[in-house]
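Visitor: I'd like a close look at a single part of this one. Could you walk me through it?

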Protein chains: 2
Amino acid sequence: MEALTIFSPATVANVSCGFDVLGFCLDSIGDKMTIRKTSKKGIHITKIEGYDLPFEAEKNVAGVSALAMLKDAQPDFGFEIEIYKNIKPGSGIGSSSASAVGSVFAMNELLGRPYSKTQLTNFAMKGEALASQCEHADNIAPAIFGGFTLVKSVAPLDIIQLPTPKDLYVVIIHPQIEIKTSEARAILPKLVALQDAITQWSNVGSLVHALHTSDYNLMSKSLTDVIVEPHRSQLIPHFNTVRQTAITHGALGCGISGSGPSVFSLCHGKDVAQNVATAIENVYSKTAIPFEIYNSKINTKGIKIL
Amino acid sequence: MEALTIFSPATVANVSCGFDVLGFCLDSIGDKMTIRKTSKKGIHITKIEGYDLPFEAEKNVAGVSALAMLKDAQPDFGFEIEIYKNIKPGSGIGSSSASAVGSVFAMNELLGRPYSKTQLTNFAMKGEALASQCEHADNIAPAIFGGFTLVKSVAPLDIIQLPTPKDLYVVIIHPQIEIKTSEARAILPKLVALQDAITQWSNVGSLVHALHTSDYNLMSKSLTDVIVEPHRSQLIPHFNTVRQTAITHGALGCGISGSGPSVFSLCHGKDVAQNVATAIENVYSKTAIPFEIYNSKINTKGIKIL
């Protein structure tokens, strides 16, 4: 195989209670990338469509993760990367992770799959670090593994693939405002109340149990966030109205996707998701803020070859 | 049925990462109680053996939980309670919970089982509150439900019974020193580092996953506590040596049981547990501190009629 085109999915990190550790993978939104072996060594980004991103490999998220793999693999050839970017940078649904994952997943295929999914995650984290100034894996892991993932630890890297109950859909509203990840991090307190932390870890425990038992009711009760959301939701216009609307229309839970501004609503069943999407659209249509709405099944396979 | 005798088991609360929410049930240590219907109304404690505890129902943990149920059930008869206490009060393995649970479990049987396990937990929490000045359920839930439990919330009470992998044994060392629950609570900080809280909830999530998948290796990696143990372990002589010894001899994890001073070592297999017990006994035999060691299978059934 000399070249291939892949679909690299958008992802939702944090998932309300699981700040910095939980994530899940989307199906109907993501980037496309074509990666080609070249006799010329090194990583060369030859095309970028959709958004204005740097072509220099060491300044491009997909390039940096690719270079990390290249350094380890040391093949006697190079790679050429074309990026067809659909996920808007800064949307909070893993735009940089999709780029970081795309190059290394495709290169691994072209190299004959020498690397495990966890190793791919490690390379992709180098690219992610370029975008967010720290190596984290809560968007990368679901993009690579699919479904729900738990990043048990970053050093050493330890990813757990959680089960994904049937018929889970997610509605994403992306208000077209900018929240920098660094700003969303800075707003968080360094210290949190022990009592709140207890609430949070009981919810993480019960959410993991709910995923194993396909207990949608318990899932719903677990999707709360008493630590991060009270701070970050202030950055997202109409957050409380959106959440209230989503819950009223049957969503299992609604929270900030990653560091925002996107907001996810997890739903059981396609019809519920459609109702929730319509209702949220009605809320935002009355504001002056431009927005996009996506409605996607949870993607249990993760990144794939097209 | 006019009378019955029950075995009310000891329990381990917190389980390293799951402070205030996780617990599991022991098999070979617990109290016995005989409960009898009486034509005389009210709750009457007629015998207490083992430890010196108050006979007045409203000052006795088993009496207070019994009174809470009696108030709700309003039968036209009363109950007589005999307590054969084996679990030393203040040992950290759920002594007060065993008392609180024993009376209401037996009364429920004698009343024809009108109450659910969650309702029994609610009554027992009233008794527990007498001992620890706050209503909590992390020892009560495993005593009633058996195996591993997660107290998702206290108000409203929401208990999750987690799966218990095969061949789990626990070694308990109980150094015969006194740590008051109130003292063990006072030593804890009101605020904790967000980063530590994240570590803790990732471990709770991965422990729940490990219980569902019988992944003993993951269980082992999850049994750490970066929030409470660093503070409370100072109250327990030779804690670090005991833990190091347990891990060296093959324990999956080792931590403070409840608020201490007992220390639990969770083990996969009877032989490992025996080795761990012997090794810990060797450590403590060299000190001047009197101690008891227990070795028990995890009890998946909870409290039972004898």
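Visitor: To get my bearings, which residues of chain A does UniProt give for the feature "domain: GHMP kinase N-terminal"? After that, take me through helix H9 of chain B, please.

Guide: Sure, and keep in mind that this is a predicted model. The UniProt record, an unreviewed entry, puts that domain at residues 66-147 of chain A. Over that stretch of chain A, 56% is helix and 9% is strand, with the end C-alpha atoms 24 Å apart.

Now over to chain B for your helix. H9 of chain B covers residues 239-248, and its buried residues are Phe239(B), Val242(B), Thr245(B) and Ala246(B). Look down the axis of H9(B) and those buried residues fall within an arc of 135 degrees, so they line one face of the helix. The spacing makes sense if you recall the general rule: an α-helix has 3.6 residues a turn, so residues three or four places apart point the same way. Swing around to the other side of H9(B) and you'll find Gln244(B) and Thr248(B), both exposed.

What does the buried side sit against? In chain B, the buried residues of H9(B) pack against three strands and two helices: strands E7 (168-175), E9 (253-256) and E10 (263-268), plus helices H8 (229-232) and H10 (270-285). Follow the chain just past the end of H9(B) and you come to Gly250(B), which takes a positive phi of about 105 degrees.

Note on methods. Residues are numbered from 1 along each chain as its sequence is written. Chains are lettered from A and ligands numbered from 1 in the order in which they are written. This is a predicted model: local features need pLDDT of at least 70, side-chain atom pairs count only at pLDDT 80 or more; totals for chains, interfaces and linings use all residues. Side-chain values use heavy atoms; hydrogens and water are left out. UniProt positions are given in the numbering used here, feature names are shortened, and annotations may be inferred rather than shown by experiment. Helices (H or I, at least four residues) and strands (E, at least two) are DSSP runs, numbered from the N terminus. Buried means under 20% relative accessible area, exposed over 50%, partly exposed in between (1.4 Å probe, protein chains only). The arc is that of the directions from the helix axis to the C-beta atoms. Contact means heavy atoms within 4.5 Å.
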